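Please explain how this chain is folded, starting from its overall make-up and then going through its helices and the contacts between them.

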Amino acid sequence: MVNKGLDALSVRNVAAEAGVAPGTVQYQMGTRNDIIAKAFIRSIQRQESRALEKTDAADFHAAMHGRLAELLPIGPVQREDAAVWVIVGAAASTRGWLADLYDAEVESFRALVCNELATAEQHGKLNGKLSPEQGARLVTALVNGLTIYYLNGPKNSAQQLLADLDAGLALIVEPSPPTPARLAR
């Protein structure tokens with residue numbers, strides 16, 4: 001899906017790439033639509049796993065930045081998962097069976113972000129003009145927009161991408177002031 005596009009994905013192509021018989025792929029994975037859905041879910045699970053490794057409860061902005069960075073095309077694995085997200089998102093606009101799955105994942109993401117922003121709000125770190133729900137929609141738009149903008153960008157654009165994420169996120173969640181330890185780095 002990432003290398004050749006969604007239209008090129010077939011049970012036969014997957015079998016050829018895996019070096020197995022098409023019947024084996026169909027038995028293990030199901031139809032083409034099943035393969036697409038499973039690839040999307042696997043990609044989401046990989047993103048969640050990476051994002052949940054990034055925690056820093058003392059600084060909401062830094063914690064969110066670290067987690068959200070794992071959803072963006074900053075490295076080869078992240079790029080692959082970001083491409084799957086964009087490909088499936090685009091395909092969901094014309095395929096009802098995929099739209100339900102995609103919409104459920106977007107809503108799940110937004111709910112997680114909203115919960116985190118509600119905690120930030122309790123600590124006075126959420127932009128006072130925003131509700132956690134508004135902030136979650138803005139974070140979703142920020143991540144999706146940066147993903148699309150940078151997905152096919154130069155390989156060395158990760159630093160600029162992370163700077164853009166930081167700047168956008170700073171409009172939603174207040175960065176903590178630098179501490180002497182952070183300044184010394």
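The paragraphs below go from the whole chain to its helices and then to single residues.

This is a predicted model, in which local features need pLDDT of at least 70 and side-chain atom pairs count only at pLDDT 80 or more, whereas totals for chains, interfaces and linings use all residues. Residues are numbered from 1 along each chain as its sequence is written, and side-chain values use heavy atoms, with hydrogens and water left out.

The secondary structure of the protein chain comes to 9 helices and 0 strands, where helices (H or I, at least four residues) and strands (E, at least two) are DSSP runs numbered from the N terminus. Along its principal axes, the C-alpha trace spans about 60 × 35 × 25 Å. Of the 185 residues in the protein chain, 41% are buried, a term that stands for under 20% relative accessible area, with exposed meaning over 50% and partly exposed in between (1.4 Å probe, protein chains only). Among the contacts in the protein chain with a separation of 6 or more, 66% are accounted for by residues 24 or more positions apart, contact being heavy atoms within 4.5 Å.

Near the start of this account stand helix 1 (11-18) and helix 2 (22-29). Their axes come within 8 Å and cross at roughly 110 degrees, the axes being lines fitted to C-alpha atoms, for helices over the stretch in contact, with angles that run from 0 to 180 degrees between N-to-C directions. Helix 1 is therefore roughly perpendicular to helix 2, given that angles under 35 degrees count as roughly parallel, over 145 as roughly antiparallel, 65 to 115 as roughly perpendicular and the rest as oblique. Val11, Arg12, Val14 and Ala15 of helix 1 meet Pro22, Val25 and Gln26 of helix 2. Val25, which lies in helix 2, counts as buried because its relative accessibility is 5%. Leaving out residues up to four places away in sequence, Val25 touches Val11, Val14, Ala15, Val20, Gly30 and Ile35.

Helix 3 has 22 residues and reaches 32 Å from its first C-alpha to its last, close to the 32 Å expected at 1.5 Å a residue, where the expected span is 1.5 Å times one less than the number of residues. Its buried residues are Ile35, Ile36, Ala37, Phe40, Ser43, Ile44, Gln47, Arg50 and Ala51, and what covers them includes helix 1, helix 2, helix 4, helix 5 and helix 6.

Helix 5 (residues 76-92) has 17 residues and reaches 24 Å, close to the 24 Å expected. The buried residues of helix 5, including Trp85, Ile87 and Val88, pack against helix 3 (32-53), helix 6 (96-122) and helix 7 (132-150).

The axes of helix 4 (residues 60-69) and helix 6 come within 11 Å and cross at roughly 165 degrees, so helix 4 is roughly antiparallel to helix 6. The contact is made by Phe60, Ala63, Met64, Arg67 and Leu68 of helix 4 and by Phe109, Val113, Glu116, Leu117, Thr119 and Ala120 of helix 6. These residues divide into 8 nonpolar, 1 polar and 2 charged, with Ala, Val, Leu, Ile, Met, Phe, Trp, Tyr, Cys and Pro counted as nonpolar, Asp, Glu, Lys and Arg as charged, and the others, Gly among them, as polar.

Finally, Thr140 lies in helix 7 and counts as buried because its relative accessibility is 7%. Apart from neighbours within four places in sequence, Thr140 is in contact with Val106, Phe109 and Arg110.
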